[in-house]
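Please look through the sequence and the structure shown here, and then follow the report below, which moves from two loops to a helix, a metal site and a contact between chains.

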Amino acid sequence: MAKVLIPTALRAFTDGSSEVEGAGKTAGEVITAVTESYPEIQKHLFDEEGKLRSYVNVFIGDENIRNLGGLDAPVHEGDVVTLVPAIAGGRP
Amino acid sequence: MISITKQVQDRINAEGERDYPNETCGFLLGRIERNDVRESDDIIPVVNARETEEAYHRFVILPQDFLKAEHEALAKNKNIIGIYHSHPDHPPIPSDYDLEHGLPFYSYLILSVKDGKADKLTSWRLENDRSGFAAEELKV
Ligand SMILES: [Zn+2]
């Protein structure tokens, strides 16, 4: 089990919890486990093609999974996985 | 409904004019009352991390800047309740790009900057099903 920290903006979809648990051996598995427990959060984390949305950054401890192999990054028992939004926008 | 202080409005206007013709961006700090009434009395301007040639119509706030702002807000005993950005020479209405990248919960303030002068400021909230942005009443 890994602890998953949920950003303020997405807590409405985890019954208000700032911290949930997800089982899995990789970052992808842990996040998928969270979306199975809280289906409403799914479309805010993944796009229609099932890819992580560009503004969703996943950290294991202090390290961005981008530097650890992406969604295949290994998660160990007791690791803390943090979802951190990057904010983007613009005009046409 | 969100109410912002005059000072917050003035600062967003000044940031938008300073960064024109590029987009400015930053966080709104404040608190959220029980009935979802939002009050902002402070901002944290953030450097637009988009490459220079794209910054005229795009902004991005990096996760490390987000975390820094969240800590700064906590230290002030406040919360991040929204995000502001400017639309240089464009109406203050969320774009498809804003929708694609928007987060729920936050108030999205959009400032139109016309010919370098701050114009209209509006506020929006992303629908929880991501179907669109709904206008949010904004009071100064
Ligand atoms: Zn925009």
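B:Asp115 is found in the loop between strand 6 and strand 7 of chain B, where helices (H or I, at least four residues) and strands (E, at least two) are DSSP runs numbered from the N terminus. This is a predicted model, in which local features need pLDDT of at least 70 and side-chain atom pairs count only at pLDDT 80 or more, while totals for chains, interfaces and linings use all residues. Residues are numbered from 1 along each chain as its sequence is written, chains are lettered from A and ligands numbered from 1 in the order in which they are written, and side-chain values use heavy atoms, with hydrogens and water left out.

Most residues other than glycine have a negative phi, and most peptide bonds are trans. The table lists two residues with a positive phi; buried means under 20% relative accessible area, exposed over 50%, and partly exposed in between (1.4 Å probe, protein chains only).

| Residue | Phi | Loop in chain B | Relative accessible area |
|---|---|---|---|
| B:Asp89 | about 50 degrees | between strand 5 and helix 3 | 41%, partly exposed |
| B:Asp115 | about 50 degrees | between strand 6 and strand 7 | 68%, exposed |

A cis peptide bond, with omega at about 5 degrees, joins B:Tyr20 and B:Pro21, and B:Pro21 lies in the loop between helix 1 and strand 2 of chain B.

Helix 1 of chain B (residues 6–19) has buried residues B:Val8, B:Ile12, B:Asn13, B:Glu15 and B:Gly16. They cover an arc of only 165 degrees around the axis, which puts them on the same side of helix 1 of chain B; the arc is that of the directions from the helix axis to the C-beta atoms.

The zinc ion is coordinated at 2.0 to 2.7 Å by A:Gly90 through O, by B:His85 and B:His87 through NE2, and by B:Asp98 through OD, listed twice. Donors are N, O and S atoms within 2.8 Å of the metal (3.2 Å for Na, K and Ca), and water is not among the atoms, so sites may look incomplete. A:Gly90 is buried, at 0% relative accessible area, and B:Asp98 is buried too, at 1%.

The contact (heavy atoms within 4.5 Å) takes 20 residues from chain A and 31 residues from chain B. Chain A and chain B bury about 2,400 Å² between them, 64% of it on carbon and sulfur atoms, where buried area is the accessible area (1.4 Å probe) that two parts lose on being put together, summed over both.
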